[in-house]
Every structure is written in structure tokens, then in C-alpha cells.
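The exercises that follow are meant to be worked with the coordinates open, and each task is followed by a solution that proceeds step by step.

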Amino acid sequence: MRVTLRLVEFVVAGNEASDLLPVRSPAVLAAHRARRGFWTVLDEGPVEQCLALLLEHDDGAWSAHHVDADAGAENGRTEDGEALAHHDGWVYVFGSHFGSKAGPLRPRRAFVARFREDDAVGGRLPVRVVRNRFRLHRAVNDALAAAELATLPPGRRVRDRFIGETVARGTARAKGWVSRLAEGDLPLNVEAAAFTPHGTVLLGLRFPVTVDGEPILVEAAGVPEMFDGGDWPRALGAHALTGVTPPGALTGFRALVPLPDGGYAAIVGSIDALGKGSVLLDDHPQGGDVTSRHVRFRLEKAAGHLVPGELVADLAPFHHVEGLAEADGRCWYVTDEDHRVALWID
């Protein structure tokens, strides 16, 4: 199914948006005289500089609010927040755990942050950041290696740029996290996240994908606990979403949201952006010219590691949908645009 969308444009700190998360706090909406709102996280910068609210006011007008936040000792030590998720009154922000388009992996991107949504009513928003120094990379790679699904092997150039060069740089700087990287590892690009009713989190990967080009979900436990001095997160298993990838293409997750009926909605699309020097696309060009798709699935319908998905809407010609929200019978999408935030409403 194709959809007709209405565009609302914002300029927020001169940067583009990743992900879209409905505001659940009545206090936040009331403080901004808004009837609806969405959190988004802006690309590239430190997480405390990249939080924004997109607000629909009572008269139907929209505005954007760049949130003043403070990560304390972690100010300036993170980058590339990609995924947002609600859990127990907190908003969580997940870093990509990836690197630049040509590598290497960047430790600053291996983080999870969180803040109390009600604390965003006014004043500076306190944000807690935990940088995991590739512990999540290690846990997810071990889960993928143990899973029944077969992942697409990256080319030698990808392994050299993302794994080999990261190890070489870490070794030269005597970084302890080097021991958490192995030669056969896959570089991870976390682009989507949603908590389950059990308190675990589903991480939607843009890369890697399966040998059949299907997007991969990894379930992890222990994310909230690491903010309270608990152990580090552990991966519980991996799933591939079937039936949503066009023939001959590769698709990864771009967004993921829980639904009231217990299912999930997601955006799937290209494994990396065209025209930006991606070594992933040099090795796997069939993963680039792929338009975005809105899909749904239910984990309880999984057959082993395979989860059947259904197509909700073909979002062609968009290649870069990065956020999704469903509510009141409507859908909202945010796209990755240069120097603007673009919200599309069906």
C-alpha cells in the first residue's frame, strides 16, 4: 500500500533527526501547551546537545523545542544517538555503536543514556550516560555467532576498516576495551530499540543482516540495571524478520516501536546511505538503493529464529525514514534530511 503524507518542517540546532518517540508525560505536554509531542534525537553530536521535542499545539500548529540537557561528567563524551525507547518512566537513548561511513568503530558511540521524562518540564534536564566500551558489541556478536540464523559476511575491507583498524588504534593507545573485539566480529549499527513487557530491550540492527538480506533483532537484558550499578547487559538471542525485504535487496532496521496489542511496528530500509563513501555499500551495493518500508510483526509468531513480518506501507520514494509513531489510527514518520527535521503525517 502507498500512502499520501503531509510535511511539517523544523529547524532544530541545524541538524537532522533520528527516531521518533511519543511524549507520555502529561506534565511535559502541559508545560508546552501541547496536545501531542514527540521526542527526537539529533545526529552526530553529544547526546546532551541533541535532544529535541516536536510539539503539536492546541490550535494545530507545530513547533520544535531544543532541550537544554546536562550529562554531568559525561558531557561531550558521546556521539551519534540513534534510537529512543520508553521504559518505566524513563526515556532511553541508544548510541549507534558504529563508526563513520568508512570506519573505524568509535567508542563514543557505544553508549546508552536515559532521563526521567517528567524532568523535562523545565530547567536543565539531567541525563545519565553509561558508556559500555564495546561490552554490548561483544554480547551481541556472541549472540549472533550462537544463533541459528546466518549473517551476511562483510567483505575484507569492512573487517579491516571497522574491526582491524579499531583494534590497532585501541592497542596503540593501550585501551582496555581492545580485549572485547575479535577478528571475526561484525560491526554493529544499532538504529532502533523498543522495550518488551518483560523489561528486556529489542535492538534493531541496520547492520549486520542475514545472508538472505533480512533485518536482525537482538534481545538484550540488563539495560536498566546497569544504571543502578548492576551487571552489564547480556544478549538473550537474535531473530531475523522475514517477508519484508524486496527480492535481491538487503534491508536493516531504521525504527522500532511497541504497539498496544503486544506487537511491534518498524521501519526497514537501506543498510547505509548512498553517496557518502560507505564501505559497507562498496562491499554490498544491493543494500543501498532500497526504499523505506513500514512493517509490523509479533514475536510470539516466531518459528525458531525467524519472525514473519507484514508490509503496512511502501514509503517509496523515501530512502531515509528514521522514525515512526503510530497512534489514534494515524502514522507519523521522521526522515533524515540535511540541516532540517522533516516530520511526515499520514
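**Exercise 1.** What covers the buried residues of helix 2?

*Solution.* The model is a predicted one, and the first step is to locate helix 2, which comprises the 12 residues 135-146. From its first C-alpha to its last, helix 2 reaches 17 Å, close to the 16 Å expected at 1.5 Å a residue. The second step is to find which of its residues are buried, that is, under 20% relative accessible area: these are Leu136, His137, Arg138, Ala139, Val140, Asn141, Ala143 and Leu144. The last step is to look for what lies against them, and the cover includes helix 3 (156-172), strand 13 (201-207), strand 14 (216-221) and strand 15 (234-242).

**Exercise 2.** Determine the strand order of the open sheet of four strands, and explain what is left at its edges.

*Solution.* The order is 1-22-21-20, and the pairing is antiparallel. Strand 1 (6-10) and strand 20 (321-327) each have a single partner strand, so one side of each is left without a neighbour in the sheet. Neighbouring strands of this sheet are turned by 20° against each other on average, direction ignored. As for one pair in detail, six bridges join strand 21 (residues 330-337) to strand 22 (residues 340-345), and among the bridge partners are Glu337 and, in strand 22, Arg340.

**Exercise 3.** Identify the residues of the largest nonpolar core that touch the most other members.

*Solution.* This core has 41 residues, of which Trp39, Leu51 and Val93 touch the most other members. Taking Val93 further and leaving aside its neighbours within four places in sequence, one finds contacts that include Val41, Leu51, Gly81, Phe111 and Phe115. Apart from this core lies another, of 28 residues, among them Ala85, Phe94, Val112 and Val223.

Note on methods: Residues are numbered from 1 along each chain as its sequence is written. This is a predicted model: local features need pLDDT of at least 70, side-chain atom pairs count only at pLDDT 80 or more; totals for chains, interfaces and linings use all residues. Side-chain values use heavy atoms; hydrogens and water are left out. Two strands pair if DSSP finds at least two bridges between them. Helices (H or I, at least four residues) and strands (E, at least two) are DSSP runs, numbered from the N terminus. Axes are lines fitted to C-alpha atoms, for helices over the stretch in contact, and angles run from 0 to 180 degrees between N-to-C directions. A nonpolar core is a set of buried Ala, Val, Leu, Ile, Met, Phe, Trp, Tyr and Cys residues joined through side-chain atoms within 4.5 Å. Buried means under 20% relative accessible area, exposed over 50%, partly exposed in between (1.4 Å probe, protein chains only). Contact means heavy atoms within 4.5 Å. The expected span of a helix is 1.5 Å times one less than its number of residues.
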